[in-house]
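User: I am new to this structure. Please walk me through it, and tell me what stands behind each label.

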Amino acid sequence: MAAPGRCFLVTGPPGVGKTTLIIKVLESLKNSHPNLKVQGFYTREIREGSERVGFEVVTVDGRRGPLASTSNSSPESFKWPTVGRYKVDLASFESLALPELQIKEDTDLFIIDEVGKMELFSSLFFPAVLKVLESNVPLLASIPIPKGGRDIPGVARLRNHPGANVFTLNFGNRDAIKERIYSQLVDLVQHGHDTTDLS
């Protein structure tokens, strides 16, 4: 069972800044704690001009690969799952994201952006997320807001987990929430170490 208060879930409507908040928290932590061992990934929009044409997965250490695309017409892409007009490249996603969710002895923090419909098409992804959640390593993740009042089952399990703190973003509160999550994570990682490790 994850210790209370070690799982931080950021939610809110599309475009409110969930990924931006996670990246800013990560950058602040790396500046204040350069030796912090962080694993995980975030997703980023791929745009052509003003049009969003897909999403890519970016690992914390900067490797990237496709997650979903509107324009992929390779023969194998016709078998891929779809979300709206996007085809989801599970092989690319799993090859980047799953190794990032392996629990190692010296991991200080996991970042998962996001636990959403595209990512959950991978049958291996949610079991890996649950292992992270049970590992006692702090987790900062984003989840979508329920559509029509209904959560995706995997998202509901995270949201209702006893160790989860859920932060709902809007344009007015996102800076304050970023500071709150950052300061709580600093407390957690400092208590997880001798402070000499964090210089």
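Analyst: Start with how strands and helices are assigned. Both are DSSP runs, numbered from the N terminus: a helix is H or I over at least four residues, a strand is E over at least two. On that basis S69 sits in strand 4, residues 64-69.

User: What kind of model is this, and how are residues numbered?

Analyst: This is a predicted model, where local features need pLDDT of at least 70, side-chain atom pairs count only at pLDDT 80 or more, and totals for chains, interfaces and linings use all residues. Residues are numbered from 1 along each chain as its sequence is written, and side-chain values use heavy atoms, with hydrogens and water left out.

User: How many helices and strands does the protein have?

Analyst: The protein has 6 helices and 9 strands.

User: Why is the radius of gyration said to agree with a compact globule?

Analyst: The rule is 2.2 Å times the number of residues to the power 0.38, with the radius taken over C-alpha atoms. For 199 residues a compact globule would come near 16 Å; the protein has 17 Å, so the two agree. Its C-alpha trace spans about 55 × 35 × 35 Å along the principal axes.

User: Why is S69 called buried?

Analyst: Buried means under 20% relative accessible area, exposed means over 50%, and partly exposed lies in between (1.4 Å probe, protein chains only). S69 has 15%, so S69 is buried. Across the protein, buried residues make up 48% of the 199.

User: What does S69 contact?

Analyst: Contact means heavy atoms within 4.5 Å. Setting aside neighbours within four places in sequence, S69 is in contact with V53, G54, R85, Y86 and K87. A polar atom of the S69 side chain also lies 2.9 Å from the backbone nitrogen of S71.

User: What share of the protein's contacts joins residues 24 or more positions apart?

Analyst: Among contacts with a separation of 6 or more, the share is 68%.

User: What makes the pairing of T59 and D61 a polar contact?

Analyst: A polar contact is a pair of N or O atoms within 3.5 Å; within protein, one must be able to donate a hydrogen and the other to accept it, and residues adjacent in sequence count only if both atoms are side-chain atoms. The side chains of T59 and D61 make such a contact at 2.5 Å. T59 belongs to strand 3, residues 51-59.

User: Is T59 buried or exposed, and what does T59 touch?

Analyst: T59 has a relative accessible area of 1%, so T59 is buried. Beyond four places in sequence, T59 touches G40, F41, Y42, L96 and E100.

User: How do you know that S92 is buried?

Analyst: Its relative accessible area is 12%, so S92 counts as buried. S92 lies in helix 2, residues 90-100. Not counting residues up to four places away, S92 touches G65 and P66. Its side chain reaches the backbone oxygen of P66 at 2.5 Å. The C-alpha atoms of S92 and R64 are 9.3 Å apart, with their positions 28 residues apart along the chain.

User: Why is V155 called buried?

Analyst: V155 has 1% relative accessibility, so V155 is buried. V155 is part of helix 5, residues 153-159. Outside its neighbours within four places, V155 is in contact with V115, L120, I143 and P144. N170 is 15 residues away along the chain, and the two C-alpha atoms are separated by 19 Å.

User: What makes helix 4 mostly covered?

Analyst: In helix 4, residues 125-134, 7 of the 10 residues are buried. They are F125, F126, A128, V129, L130, V132 and L133.

User: Why is N136 called partly exposed?

Analyst: N136 has a relative accessible area of 37%, so N136 is partly exposed. N136 lies in the loop between helix 4 and strand 8 (139-142). Its phi is near 75 degrees, a positive value in a residue other than glycine.

User: Which peptide bond is cis, with omega near 10 degrees?

Analyst: The bond from D113 to E114. E114 is in the loop between strand 7 (109-112) and helix 3 (117-120).
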